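Here are my notes for a colleague reading this model at the bench. They go point by point, and are best read with the structure open alongside.

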Amino acid sequence: MRAWLISFVIVLLFTACGGAKPTPTVAPAPTSTAATPSEKARVIVAMGDSLTEGLGVDMDQAYPAQLERKLQADGHNFSVVNAGFSGETSAGALQRVNFVLKLKPEIVILGTGGNDSLRGIDPALTQKNITKLVRAFKAKNVVVVLAGMQTVQNMGADYAQKFQAIYPAVAKAEDVILIPFFLEGVADNPQLMQDDYIHPKPAGYAIVVKTIYPYVLQAIKALPGR
Amino acid sequence: MTTIHRGFVIRQLTTSRKQSIVFVLCVALALISLVALRGFGESVNRALLRDAKTLNAADIIVSSNFPVTQPVLTKIAQLQAVGAVASARTYQFLSVARVANGEDTELCDLKVVDAGYPFYGQVTLASGRPFHTVLTPGNIIVAQALLERLKLKLGDQLRIGEATLTIRDVVLQEPDRPVNLFGFGLRVFINSADLDALKLIKPGSRISYRVLLKVNNENKLNPLAAQIKTVLAPQENVETYLTARSGVERFFSNFLFFLNLVGIFTLLLAGIGIQSALTAFLRERNTTIAVIKTLGAKNKFVTLNFLAVVAILGGIGALLGISGGLLLQNVFPVLLRGLLPPDVQLTISGRSLIESLLLGLVVVGSFTFLPIYQLEELKPSFIFRKETTRLRHGLPFYLILLLILSFFIGMVLWQLRDQLRIGIYFVLGVIGLLAVATLLTYGTLFLLRRARIRSLALRQALRGLFRPRNATPAIIITFSAALAVIFCIYLLERNLDQAFVESYPPDAPNLFFIDIQANQLADFAKLLPVKTQYFPVVRASITAVNGAPIDRAVEEQRRGDNLARQFNLTYRDQLAEGEVIKAGGTLFQANWQGDNVQVSIADDLLEARNFQVGDQISFRIEGVPMEATITSIRSRPKESMQPFFQFVFPSEVLKDAPQSIFMALHLPPEQIHALQNKVVAAFPNISVIDATQAIANLATVANRLAQVIRFFTLFSVLAGVLIVISSVFATRMARIQEAAYYKVLGATSRFVLTVFTTENLLLGLVSALLALCMAQTGAWILCQGFFKIAYHPAVGASLLMLALTILLVTGVGMAASLSILRSKPITYLREQASEE
């Protein structure tokens, strides 16, 4: 029976590769809608993994969409493009940085590294990748807001400490705005998290937006010409 | 005179032996097929259930990603206190482990277990020792790869969380590990007594919590699960090994379901055989019955005594059938080798046996009732008239017919109670089939009747078909309907087989490489011994269609493909091999002026949405929004194994997008391992998938399944043969009469033989041709509409089936007519004279 199962899985897997049918994952997130027709909205790109993309929630409930609505409501004419990709590690993000730059963002909210920690990847490697990412954006005069991540506590205290130290270190060295912890007040609350205990529910994303909002305003203030 | 007369019954049994034998065989066949199918289904089911228990290591599983809540724990403690269940908790999570006196670390997949784990199946260790004697507090059991990667040996220590634990053994296999090819982390088993010392379960930890339960009384499984369900928190989940069934099991239940349909059909055919054999048997008794009625026998006496005869014959048939079915249980292991788990015991339970017997008797009873009932309508005057007046069919006749019909419909629906819709389709299908067969038969006979034929023998043969009291239409209808189904199953099987062979030709790709990076391509290609095609893969999702956002909840409820998933795109400027354009003319338009980019979609996406050329799709390609317009719709042969992409973009649009490369090639199996090692060494990021074994397994399984189907179809073929034989017997008297008249009129034996042979030939030809027409149409519809594979009419095989059927009908007819030919006409005429 086991052999049977395995062969089935392999067949599924390889039709998945061949037939281009990966495991169904994620609802796509929203694109922007400009608030006032007279003035073209300026672009914020939210780049990251499933936490950005909004795995398991509707496209307009992921944090980029909620953030855009809040900014527009407060009179900031910015569109927030969801450039999140589920399952992506910091190495993957590095591969598509030039493609994302085609969106001509003025601000990038960078939230990556979570999947690195779930795979036990050496924090030193993650730190190197995030540094390269930040520099690539800065080279194009994009204001970077770095979202701090924490790893799950079961990885062990050593690993968790090393991992959490990445974000303040990069922010300090590269002089970019740091959100201390992206999932502050969300990650440890079962009511705000989906049953997988990794991804927030829409209500969780509302708190995420509340957490990151001051830092986004800080980035807007830092834009040239303001 | 309402008692059973022993002498009378014995006399009836000892004369007309041939008809009795056909009757007994029909009954036996019905029961063999019932017993065999039930035994088979029961065995498969039992094996799957046991497998399901092992795969879950328990009867009931409570799972959560948050600590199990107190009400659930209290409830389980209560159940345990009264002895209803035994329980064991497991905690599974990832953690980075470190060598106790060193710096090397490795990601581990920890499984912390209570003493009871696993309730079913076994954790196999390299040392062969029992799992629970090794996994004592302070000791751990690890995967071999962990020892290799950290350069450790048994007895060394590992730092996990805040605890230092000693490696005591290597795990080879665990019962409930899901096949997870993407699993990260190497397995480490830890005794739950060490859980607190790890200090890894704290706020912000992600732990998979489980409580495994073993029930002490199997019958209480569902009530117990329901009891636990009442105290569950929303994030908690309870499953039994029955509800957590796998895809393989669903597959088997579909397969058994199909076999059951074949079984029901066999039963129906056997029933028809029973009826016509009995009718033939009783027809030869008509004179006797008329005589005893003249002598004052009551209808009740006649019915009762013939019922006794039928009961004895039926009993013999049932006995034969049951023993045959039991014998067959021993054939299954040979037939099914490699298909079922190796340790399946193919036995049938007494309960199943009794159920089969009862069901079989109901079938025999309902199909014998009509002929027996009609005995009552036989008037004593029969002895004076050579031609029977047509038996009038009163209300009771139709009531009984209705009863038989509703019995069968009921049985089909009961068999398919889980899939009522399919059951209704099946019943409608059988009715439709019989209706079509009836229409076609009467149409053909009408045409034949009007045919002007010069050859005397042929003309006489044709007239023979319309002989008074001849059941020609009935025979052709049942026979062509039966044959149509048998042919159709055969055609379907051939087509599925063909589709399979076409999908996996000897040079089909068996080796797949994924995640090749663009800058690795040139170096990677040098490693490969053959030139091969490669496919760039770009990941994307769809955000809107024609401006309407994708509704995740709606999409994921679709049965087929859905638009809320991630897609792998590719780019190229030509059609791939075998592809055709269904709409749009060309893949892309040469001088495209639109603001959007062009995209070509595959026609299988039309199942998810009714896309048309000109529709707008909003993509998010590697996180970047892109608006596209459909400019063509492509199609490919459904059974093709070539890599296929739902969305194809022009090269200029995507060639700069982040991408990985996918490659497929065919290599002789003996070369695969060497290449695999080279690739892993040179390009650690590239994943290699070797599908050789999987394809071979699939081929074996497909062959086995075909064999099982063929085996059970054989029963319907046998039932068909019995119907032919009994229908020949049914018309035996009329033939004897005809043969005598032909001879009296000066015909030679040869002429009579020609007439009879031609008549049988016509019967066989008409039935087989009608059956083939229906089977081809049916198989074509099923292949196109249901299996979605190309249809091959299998002309050679069809002609062969035609020839075999005609040979069979003629052969059986001839064998039954030989004694008629040999008899002298005077014998018949003298009998007639002496009776008058």
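**Notes on the sheet and a helix of chain A, with remarks on chain B**

1. Strand β1 (residues 42-48) of chain A runs parallel to β3(A), and five bridges join the two strands. One pair to look for when tracing this register is I44(A), whose bridge partner in β3(A) is I107(A). Please keep in mind throughout that this is a predicted model.

2. Strand β1(A) is also joined to β2(A), here by seven bridges, and this pairing is again parallel. A useful marker for it is V45(A), which has V81(A) as its bridge partner in β2(A).

3. These pairings belong to an open sheet of five strands in chain A, ordered β2-β1-β3-β4-β5 and paired in parallel fashion. The edges of the sheet are formed by β2 (78-84) and β5 of chain A, each of which pairs on one side only. From one strand to the next, the twist averages 20°.

4. Is the edge strand β2(A) enclosed or open to its surroundings? Seven of the seven residues of β2(A) are buried, so the strand is largely enclosed by the rest of the structure. The cover extends to both faces, with F78(A), V80(A), N82(A) and G84(A) buried on one side, and S79(A), V81(A) and A83(A) buried on the other. V81(A), named above as the bridge partner of V45(A), is therefore one of the buried residues of a strand in which seven of seven are buried.

5. Helix α9 (residues 202-222) of chain A has 21 residues, which at 1.5 Å a residue should span 30 Å; the C-alpha atoms at its ends are 29 Å apart, so the two values agree. A reader checking the helix by eye should nevertheless note a kink of about 40° at I212(A), shortly before the proline P214(A).

6. Which residues of α9(A) are buried? They are G204(A), Y205(A), V208(A), I212(A), V216(A) and A219(A), and I212(A) is thus both buried and the site of the kink. As background to reading such a list, an α-helix has 3.6 residues a turn, so residues three or four places apart point the same way. The cover over the buried residues of α9(A) includes the helix α3 (63-73) and the strands β3 (107-111), β4 (143-147) and β5 (177-179) of chain A.

7. For chain B, a summary must suffice: the chain has 25 helices and 21 strands, and 36% of its 836 residues count as buried. Among contacts in chain B between residues at least 6 apart in sequence, 84% join residues at least 24 apart.

Definitions and conventions: Residues numbered from 1 in each chain as written. Chains lettered and ligands numbered in written order. Predicted model: local features only at pLDDT ≥ 70, side-chain atom pairs only at ≥ 80, totals over all residues. Helix = DSSP H or I, 4+ residues; strand = E, 2+ residues; numbered from the N terminus. Expected span 1.5 Å × (residues − 1). Bend = angle between axes of the 7 residues up to and from the residue. Buried ≥ 20, exposed ≤ 12 C-beta atoms within 10 Å, placed from the backbone. Contact = placed C-beta atoms within 7 Å. Pairing = 2+ DSSP bridges. Axes fitted to C-alpha atoms, helices over the stretch in contact; angles between N-to-C directions.
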